[in-house]
Amino acid sequence: MNATTITVPQADPGAGYRAQKEAIDAAVARALASGWYILGKEGEAFEQEFAAWQGAARAVGCANGTDALALALRGLGIGPGATVATVSHTAVATVAAIEMVGATPLLLDIDPETYTMDPDELVSVLEDPPPGLPPIRAVIPVHLYGQACDLGPMLKAAAQHGVAVIEDCSQAHGATLSGTKVGNLGRVACYSLYPTKNLGALGDGGVLTTDDAALADRIGAIRQYGWKERYISAEVGVNSRLDELQAAILRVKLTALDAGNTRRQAIAQAYDAALTGSSLAPPARRAGAGHVFHQYVLRVPERAAVMARLRAEGIATAIHYPQPVHLQPAYRGRTPMGPAGCAETARAAGEVMSLPMFPELTDAQVDRVCEALRRL
Ligand SMILES: *Cc1c(COP(=O)(O)O)cnc(C)c1O
């Protein structure tokens, strides 16, 4: 085994804690002292503050990003007897959430430049649905790596066919498209607040936003056994609550989100400049999109060798994601795909590589990565 010490980690949620330690410790102490640990004042305040940050009418906290997607589907009445279109090049959670509610996932191929859903694939399955599948009732586009997907044509096609658009914003807190924050474009937006995300709890968390008050109320009830009043289930629900400790921590971390995104963009620019003249192309930027660099992803045909060279210099990298969902053992051979059969998805999985990216990277660490990139 090569025992090189990693001096530049790929991600470091502990650094995010240390950067706001005093305020986070105070928030934790306040939540602990309150004597109320689930769905209380901190959770309500976080929902209000997150909705205000998003520019949405309402936010509903929940246990994690997977549940946020499942709650959005349940809230829209989508379950058994429905197909939900999404991508295979995503965190498996996107697809798992669709099956959690009993719906059928339909996996569409990606645009090879931006790694996000190919809108032509969506138009094609909406106009000519694959035979043998239940009707397509929703689409979950994923704003991957911090960049908005090409939502314009997808929103148009979805509206024409009466299909709900649920934005998976788990990697795109603060990303924009034509000046509008993602999450304000579809019917409902779902966020993971996993520790490594651009807004991360120090544990699990998730949140949904929507301008539809009735939908927010319904999702708010479903996340707690379908209760509208205590102990009385108005409909069948689940248990997916955001706890007060995480909510208190998230309120602090939300105040650093925009600055964190700006720092990620500066790091990305430094990486871009270092790659000029190298054999590798910097990540494609979609015209009119504000990229918040959840990940800085390169396409590297000789990936294993490049990762090993960087590791030998103390620089950690990661692969998001090494195996597309439709090829993973749990899904292989049984998950329907769009007309392109996910060929670009499979190619991307073999070549993508994520460089170190988090706001607390020091300038010295960024320089170190840049020097290594110039030698590639
Ligand atoms: C992280 C992530 C999720 C799942 O979030 P959890 O909080 O881990 O359940 C869903 N979708 C995408 C695109 C993600 O990156």
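Student: Which residues line the largest cavity?
Tutor: Happy to start there, and keep in mind that this is a predicted model. The structure holds one cavity of 30 Å³ or more. The residues lining the largest cavity are Glu-113, Thr-114, Tyr-115, Leu-144, Tyr-145, Gln-147, Pro-283, Ala-284, His-291, Gln-295 and Val-297.

Student: What is the volume of the largest cavity?
Tutor: Let's begin with how such a space is found. Rolling a probe the size of a water molecule over the atoms shows where empty space is left. For the largest cavity, the volume comes to about 60 Å³.

Student: Which residues touch the most other members of the largest nonpolar core?
Tutor: Good one! This core has 49 residues, and it draws at least three of them from each of domain 1 (16-109 + 116-254) and domain 2 (256-374). The residues that touch the most other members are Phe-46, Phe-50, Tyr-115, Leu-122, Val-139 and Leu-199.

Student: What does Phe-46 touch, not counting residues up to four places away in sequence?
Tutor: Phe-46 is among the core residues that touch the most other members. Leaving out residues up to four places away in sequence, its contacts are Leu-193, Leu-199, Val-207, Leu-242, Ala-247, Leu-250, Arg-251 and Leu-254.

Student: Why is strand E9 described as largely enclosed by the rest of the structure?
Tutor: Here we count buried residues, where buried means under 20% relative accessible area. Strand E9 covers residues 206-210, and five of the five are buried, so the rest of the structure largely encloses this strand.

Student: Which residues of E9 point one way, and which the other way?
Tutor: A general idea helps here. In a regular strand the side chains alternate between the two faces of the sheet. In E9, Gly-206, Leu-208 and Thr-210 point one way, and pointing the other way are Val-207 and Thr-209.

Student: In E9, what is the bridge partner of Tyr-191?
Tutor: E9 pairs in the antiparallel sense with strand E1 (residues 58-62) over five bridges, and there Arg-58 stands opposite Thr-210. E8 and E9 also pair in the antiparallel sense, over four bridges. In E9, the partner of Tyr-191 is Val-207.

Student: Is Thr-317 buried or exposed?
Tutor: Thr-317 lies in the loop between helix H11 (303-312) and helix H12 (343-349). Among the residues it touches are Gln-10, Met-307 and Leu-355. Its relative accessible area is 15%. The cut-off for buried is under 20%, so Thr-317 is buried.

Terms used:
Residues numbered from 1 in each chain as written. Predicted model: local features only at pLDDT ≥ 70, side-chain atom pairs only at ≥ 80, totals over all residues. Heavy atoms only, no water. Core = buried A, V, L, I, M, F, W, Y, C linked by side-chain atoms within 4.5 Å. Buried < 20%, exposed > 50% of the residue type's maximum accessible area, 1.4 Å probe, protein only. Domains from an automatic or database assignment. Contact = heavy atoms within 4.5 Å. Helix = DSSP H or I, 4+ residues; strand = E, 2+ residues; numbered from the N terminus. Pairing = 2+ DSSP bridges. 1 Å grid on protein atoms, 1.4 Å probe; cavity = no way out; pocket = protein on both sides within 12 Å on 5 of 7 lines; lining within 4 Å. Points joined across faces, edges and corners; volume = space filled by probe spheres on them.
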